[in-house]
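Let's take a walk through this one together, starting at the DNA and working back to the way the protein chains sit against each other. Have the viewer open as you read.

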Protein chains: 2
Amino acid sequence: MEEGLRERKKRETRQRIADIAMGLFMVKGFDNVTVAEVARTADVSVNTVFNYFSTKEDLFADRQDVAVDHPVQVVRGRAPGESVAAVFRRDFLDALETRHWRYGFNVGADVFAKLVNDSPTLVARMREIHELRERSLARALADEAEADDLTPLLVASQVLNTTRLLADFALRRTLAGEPWESIAPDLRAQAERAFDLLESGIGGYGTRPPLTPAGSAPPLAVAGGEQPGAEPEDRERGGED
Amino acid sequence: MEEGLRERKKRETRQRIADIAMGLFMVKGFDNVTVAEVARTADVSVNTVFNYFSTKEDLFADRQDVAVDHPVQVVRGRAPGESVAAVFRRDFLDALETRHWRYGFNVGADVFAKLVNDSPTLVARMREIHELRERSLARALADEAEADDLTPLLVASQVLNTTRLLADFALRRTLAGEPWESIAPDLRAQAERAFDLLESGIGGYGTRPPLTPAGSAPPLAVAGGEQPGAEPEDRERGGED
DNA sequence: TACAATTTTGGAGTCACTGCAAGTTGGATA
DNA sequence: TATCCAACTTGCAGTGACTCCAAAATTGTA
């Protein structure tokens, strides 16, 4: 089955719109570009843009599936005898050495980052992608472990949060103008510590000195429930998350 | 300095709008209520609504600061000799026994949850709140530890993800129609395991049998980079998160 | 009572996004 | 080659959140 002219044109149009949109976003910032402007520049109607991309964000977040899939690929790539935490350590450090984009270490990643950071919509989208990643990794882990409890989810969540915070750490310093050469060694050190923590748990973290003479610990129980300045009547609220 | 008529009226108006909005949301669902409708029902102009609440979500998420603050209160309530993980375990189990709303265990929480779940906007907002919680807890931990590394952030993130996933677990089963009496024991068991995992780390999790005769582990390195169906030219992408 | 500071309101406008009906075009068929 | 169908594109007319602005209406004060 050949690929007809029709199919090709479609692909081309879609690609052209996405490229032009990204170009405009890079120059003017996501929020300062209207879909109408993208359409005009790409020489199509607004409706056509929405025909290919269901929201403006999709114009930016195209191919997010790659990012979502990556963690699953990583666990699948475990060597014999290698734990989940260990592969991710390996994968992360490898990306660090090679300045790979999968954790945002490539040259120019900061431009993207700034672009995202400046747009609440895109920041929200990133959080969503993170959750998708979490879920897909959790499913992968659950499949191979055949467990029906929360463990896979917890593991996935902890691992991905570790890498996320590490990537974020590097990013913040990059955005602050620090050169990669200066960040890298520190990042490596932090990564080792972070993965150590991930592996060994936060068990005793923050334990207060057991025997302080003055001041006994008040029972917390409803901590945050009866704030001093809160309403008298307890307005019931619900769904934490 | 007295509280003038003006101040009082302002507070009342604000409260009335918020209450009426919440009422409408509960009945019709967040996305099926327009701001105009809220305004009409509250007998004010649309502009007045936006005068008090800068977005439609704020109409719902009012008082989110309490939720954001809770974790900080919990760590502040540590008993001598008690670790961070331990207080959260205690706080969580206590909430479980008392069916407290701080983790969404109160009667009627499911209604809120459904409301939130059905609106992408609100789901996004919840994710944002989670991040705020993470950050404020991290700051609190960093302050008392006087550390300048990522540890407080990592700890905060892991703790809050644990509670989040546990709360979610309970919620999903509630939404599936299961009665609380049936959920609670299971939830308690899951919670104990989750906090154990949190404390002792995911160290050996998912370790593959070290010596499998057939099939050696391929080096992953650029896992996810060269997907089978991906574009030939490597379109550089940036900001992971 | 008159003036000043605040609120409230109406109105006009922008932007993302939807639904619909009328073109336009590519490809298969007679 | 003429014809026809289905898919793609477009214009048009909304809806709904949110902004800006200038004209009332209301409240605190001199």
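A quick definition before we look at the DNA: a residue is near a strand if one of its heavy atoms lies within 4 Å of that strand. Keep in mind, too, that this is a predicted model.

With that cut-off, 19 residues surround DNA strand D. The closest come from both chains: Lys10(A), Asn47(A) and Thr48(A) on one side of the list, Lys9(B) and Lys56(B) on the other. What part of the strand do they meet? Sugar and phosphate make up 67% of the atoms of DNA strand D that come within 4 Å of the protein.

You can pick out some of those phosphate contacts by eye. The side chain of Lys10(A) puts an N or O atom 2.4 Å from a phosphate oxygen of DNA strand D. Asn51(A) also uses its side chain, with an N or O atom 3.1 Å from a phosphate oxygen of the strand. Lys56(B) does it with its backbone instead, where an N or O atom lies 2.7 Å from a phosphate oxygen.

Now zoom out to the helices. α1 (5-28) and α3 (46-52), from chain A and from chain B, each supply at least two residues of the surface near DNA strand D. Which helix gives the most? That's α3(A), with four residues. Sorted by type, the surface near the strand has six nonpolar, eight polar and five charged residues.

Next, turn to how the two chains meet. The contact takes 100 residues from chain A and 100 residues from chain B. Together the chains bury about 8,600 Å², and 54% of that is on carbon and sulfur atoms.

There's plenty to look at in the polar part as well. Between chain A and chain B there are 22 residue pairs in polar contact, counting pairs with both residues at pLDDT 80 or more. The salt bridge count between the chains is six. One of them joins Asp149(A) to Arg193(B), with the closest N and O atoms 2.7 Å apart. Many helices of chain A take part: α1, α4 (56-61), α5 (64-76), α6 (84-98), α7 (109-117), α8 (120-145), α9 (151-175) and α10 (180-200) each supply at least two residues of the side that touches chain B. The largest share, 17 residues, comes from α9(A). That side of chain A divides into 44 nonpolar, 27 polar and 29 charged residues.

Last, the symmetry. A turn of 180° with a shift of 0.0 Å along the axis lays chain A on chain B with an RMSD of 0.1 Å. That is the relation of a two-fold axis. To find the axis on screen, go to Gly201(A), whose C-alpha comes closest to it of the residues of chain A, at 1.7 Å. And 100% of the interface residues of chain A are also interface residues in chain B, so the copies meet through the same surface.

Notes
Residues numbered from 1 in each chain as written. Chains lettered and ligands numbered in written order. Predicted model: local features only at pLDDT ≥ 70, side-chain atom pairs only at ≥ 80, totals over all residues. Heavy atoms only, no water. Least-squares fit on C-alpha atoms with pLDDT ≥ 70 in both. Contact = heavy atoms within 4.5 Å. Polar contact = N/O pair within 3.5 Å; in protein donor to acceptor, adjacent residues only side chain to side chain. Nonpolar A, V, L, I, M, F, W, Y, C, P; charged D, E, K, R; others polar. Buried area = accessible area lost by both parts, 1.4 Å probe. Salt bridge = Lys/Arg side-chain N within 4 Å of Asp/Glu carboxyl O.
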